[in-house]
Amino acid sequence: MTKLKMEVVAAVAAWAVASTCHSLPAVRDLVPGLCPRDIGEAGELQKSLSPGAKVYFPGSPEFKAASTRWSVLNPPTVNVVVVPATEKDVSETVKYANKKKLPFLAYNGAHGAITTLGKMKSGVEIYLDQLDSVSIAKDGKTATIGGGILSKQVTDKLWAAGKQTVTGTCECVSLMGPALGGGHGWLQGHHGLVADQFVSMNIVLANGQLQTVNSKSDLWWALNGAGHNFGIVTSVTTKVYDIQHSDWAIETIIFSGDKVGAVYDAANNYLLKNGTQPADVINWSYWLHDPTTDPNNPIIIFYIIQEGVKAVDAKYTKAFHDIGPIAVTPISGTYKDLAGWTGIATTSPPCQKAGLANPRFPIYLQSYNVAAQKKAYQVFASATQGSSAFNGSLFMFEGYPVQGVQAVDSKSSAFAFRDAHLLAAPLITYKPSGADLDKKAQDLGNQLREILHQASGISDVRAYVNYAYGNENPKVWYGSEKWRQDRLAALKKKYDPSGKFSFFGPIA
């Protein structure tokens, strides 16, 4: 019977669920709750949900829109989408899935590309986009925000009220997705990580219970850095701040690849300065192909961003001008322009779901090793040139200020890498074409990461879990210290002993 059940589940995953259930009635008996008729309008799940909740099935345009992922490499397989309208709807959906012995997974925004998500087979997607409210407290110090809101929505709604908080940098990511892995953002030099802002959370646990947790709970430590393993956050109360500076400026400086050594040497000496980059300055860069600028090799797009000015101070830019860039473009605006300037607005290509595989291979660093940058550039250029399947790839280097992050005690949260100064990640973008190409992409990403790791002087690879490929391990994602791993394991055993939340960077 076990073998037969597995075969039926595989068949259902391969065929359209609605037609399969119609033509194979035995499916309903073997896997209760899997078929639309079990969960549809007359089903017990629908009856337990609020009037505003929605349920979508395969074959509908709503199902396709809600279940399509940004990266199609090893995606989860979904047989029904539930769109909660209230926090209680999330609780009821989890309880139902548990009752029917179905896996479940929360969806929201874009860019969750870790390959471990592919272990979610024939399950229930909980699509959180209706939970997008923002309510600022009367004292103006906190806001309660829905767990399904996107970063752009948070920024826009708070900005209209003269407020802001730390969110992820890309407009199409959710607030909570990055936050559960710590969460880097433009304002972290002042205030710390996204998760450092949180005062309390409403969270649905593995048993379906909806609870409010705060720093008095032992679970709070784990939610800041390893939160994907412990629940679905339905709302959060977070610190908000008065807007201090409406003015922001950027210089976009473009270099040919032969300048790679000089560019990152200047970045070390004039920006990073051994981790003392000012809290109001950010350095970012991409390596990517732009045939209109260089038909043969990747160019270097280097961004210097400064807060509170209408033009980036020359003391940060002069050394880069002296290298001999192809182009320099200064722009001024507001905080709300940053995502557009750096190519990660909701309308930018990285926010579109184009049927591509988009694995990343992140690594935290303390500085740019110039020799390693040169070597990595040559490997990246060779692997992505011409008609290569990977010619749409890019290499990302994110140099945020770290004062706010490091002001928080490293032992106070599951996020283990507060001492890091840089986040680097090759993004190997390609149109899927079978296992051989997937393996080549994995090998290239691992090779590029390893070049940087070998030159870093750090014994262990340290990876940002929100960018992780999936072939790493919990020590790489959450810190190699034994006490960290023991604490996470104990909390996992206490709050999720059956491993209901084990699809995104699983602890075990």
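## Strand β12 and the cavities of a predicted model

Thr 252 has Tyr 303 as its bridge partner in β14, a pairing seen here in a predicted model. The two strands concerned, β12 and β14 (residues 299–307), run antiparallel to each other and are joined over 8 bridges. β12 also pairs in the antiparallel sense with β15 (residues 327–333), over 7 bridges, and there Glu 251 has Pro 330 as its bridge partner in β15.

| Strand paired with β12 | Sense and bridges |
|---|---|
| β14 (residues 299–307) | antiparallel, 8 bridges |
| β15 (residues 327–333) | antiparallel, 7 bridges |

β12 itself spans residues 248–255 and is mostly covered, with 8 of its 8 residues buried. On one side the buried residues are Trp 248, Ile 250, Thr 252 and Ile 254, while Ala 249, Glu 251, Ile 253 and Phe 255 are buried on the other, so that both faces of the strand are covered.

Turning to internal space, the model holds 4 cavities of 30 Å³ or more, and the largest cavity has a volume of about 80 Å³. This largest cavity is lined by 13 residues, of which His 184, Gln 188, Tyr 364, Ala 420 and His 421 are the closest to its centre. The lining of the largest cavity is made up of 8 nonpolar, 3 polar and 2 charged residues.

As to confidence, the protein has a mean pLDDT of 93, and 92% of its residues reach 70 or more. Residues 1–33, however, have pLDDT below 50, although this stretch makes 40 contacts in the model beyond near neighbours in sequence. Predicted coordinates should not be read in detail where pLDDT is low.

Technical notes: Residues numbered from 1 in each chain as written. Predicted model: local features only at pLDDT ≥ 70, side-chain atom pairs only at ≥ 80, totals over all residues. Heavy atoms only, no water. pLDDT = per-residue confidence, 0-100. Contact = heavy atoms within 4.5 Å. 1 Å grid on protein atoms, 1.4 Å probe; cavity = no way out; pocket = protein on both sides within 12 Å on 5 of 7 lines; lining within 4 Å. Points joined across faces, edges and corners; volume = space filled by probe spheres on them. Nonpolar A, V, L, I, M, F, W, Y, C, P; charged D, E, K, R; others polar. Buried < 20%, exposed > 50% of the residue type's maximum accessible area, 1.4 Å probe, protein only. Helix = DSSP H or I, 4+ residues; strand = E, 2+ residues; numbered from the N terminus. Pairing = 2+ DSSP bridges.
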